[in-house]
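Biologist: I would like a close look at one part of this protein, taken slowly enough for a first-year student to follow. Could you choose a place where helices come together and walk me through what surrounds it?

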Amino acid sequence: MSASDARGAPRVSGASAPPPSRRARLGVALAIGLASGAFTAFCLATAPIPSDFEFWWRAARLWTHGVNPYLLAPGAPGWPLPDRFFYPLPAVLVTVPFATLPLAVAGGLMSGAAAGLLAWALTAEQFGLLWLFASPSFVMALKVGQWSPLLCAAALLPALGWLAVVKPTIGAA
């Protein structure tokens with residue numbers, strides 16, 4: 001004889017739990033987003049070398065003031081970074097809303113939003129994939145302000161698919 005649940009319906013052995021509620025998902029996404037943003041802000045504020053995010057942030061600041069960041073040589077006035085700017089223009093455009101903020105705040109907000117969106121996407125059916133946020137690769141992406149958390153969220157949330165153009169070498173995959 002098979003076991004039944006409280007309503008008298010038969011229990012299927014190995015059946016998965018119902019998906020998390022929207023409220024629970026939102027709480028987890030907000031918590032992960034806030035923690036990730038705070039970590040990135042701290043790392044960017046204390047880093048002895050430029051982060052990946054600093055390239056887009058500086059390029060967005062220059063672009064909003066009419067300066068073409070692609071023309072500046074490393075170490076030029078307004079471009080104290082060790083390499084030229086080589087990201088596509090969409091990377092600059094996505095960063096423009098953060099350009100007026102200090103570097104650490106801007107990077108923290110962007111990484112926090114990306115992590116929160118990724119947490120929302122990963123918890124659509126279960127919380128079992130949240131281990132990703134403890135992985136060394138995720139922590140390193142936050143530490144240097146990389147696009148990878150945002151691109152992972154874009155891969156999982158169709159409405160964000162347009163973000164693949166910020167890093168076409170990954171977005172094409």
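Modeller: What follows begins with the whole chain and then moves in to the meeting of two helices and the residues around it. Please keep in mind that this is a predicted model, and that every value I mention was computed from it.

The protein has seven helices and zero strands, so that reading along the sequence gives the pattern α-α-α-α-α-α-α. Of its 173 residues, 37% are buried, and among the contacts between residues at least 6 apart in sequence, 65% join residues at least 24 apart.

The part I have chosen is the packing of helix H2, residues 52–64, on helix H4, residues 103–122, where the two axes lie 10 Å apart and form an angle of about 110°. Because angles of 65 to 115 degrees count as roughly perpendicular, H2 is described as roughly perpendicular to H4. On the H2 side the contact is made by Phe53, Glu54 and Trp57, and on the H4 side by Leu103, Ala106, Gly107 and Met110. Sorted by character, the residues of this contact are five nonpolar, one polar and one charged.

Phe53 also leads us into the largest nonpolar core, which has 42 residues, and in which Phe53, Trp56, Trp79, Phe85 and Trp147 touch the most other members. At least two residues of this core come from each of H1 (22–46), H2, H3 (89–95), H4, H5 (136–144) and H6 (148–156), with H4 giving the largest share, ten residues. As a general background, nonpolar side chains in soluble globular proteins tend to be buried together.

A residue from another helix touches both sides of the contact we started with: Threonine 95, which is found in helix H3. Leaving aside residues up to four places away in sequence, Threonine 95 touches Phe53, Trp56, Trp57, Ala60, Met110 and Trp147. Its relative accessible area is 0%, and since buried means under 20%, Threonine 95 counts as buried.

Trp79, another of the core residues named above, has a list of neighbours that can be read in the same way, again without residues up to four places away in sequence: Phe55, Arg58, Ala59, Leu62, Leu72, Ala73, Pro74, Arg84 and Phe85.

Finally, turning from the interior to the outside, the protein exposes about 10,000 Å², and carbon and sulfur atoms supply 68% of that area.

Terms used. Residues numbered from 1 in each chain as written. Predicted model: local features only at pLDDT ≥ 70, side-chain atom pairs only at ≥ 80, totals over all residues. Heavy atoms only, no water. Axes fitted to C-alpha atoms, helices over the stretch in contact; angles between N-to-C directions. Helix = DSSP H or I, 4+ residues; strand = E, 2+ residues; numbered from the N terminus. Parallel < 35°, antiparallel > 145°, perpendicular 65-115°, else oblique. Contact = heavy atoms within 4.5 Å. Nonpolar A, V, L, I, M, F, W, Y, C, P; charged D, E, K, R; others polar. Buried < 20%, exposed > 50% of the residue type's maximum accessible area, 1.4 Å probe, protein only. Areas by Shrake-Rupley, 256 points an atom, 1.4 Å probe, with all protein chains shown as cover. Core = buried A, V, L, I, M, F, W, Y, C linked by side-chain atoms within 4.5 Å.
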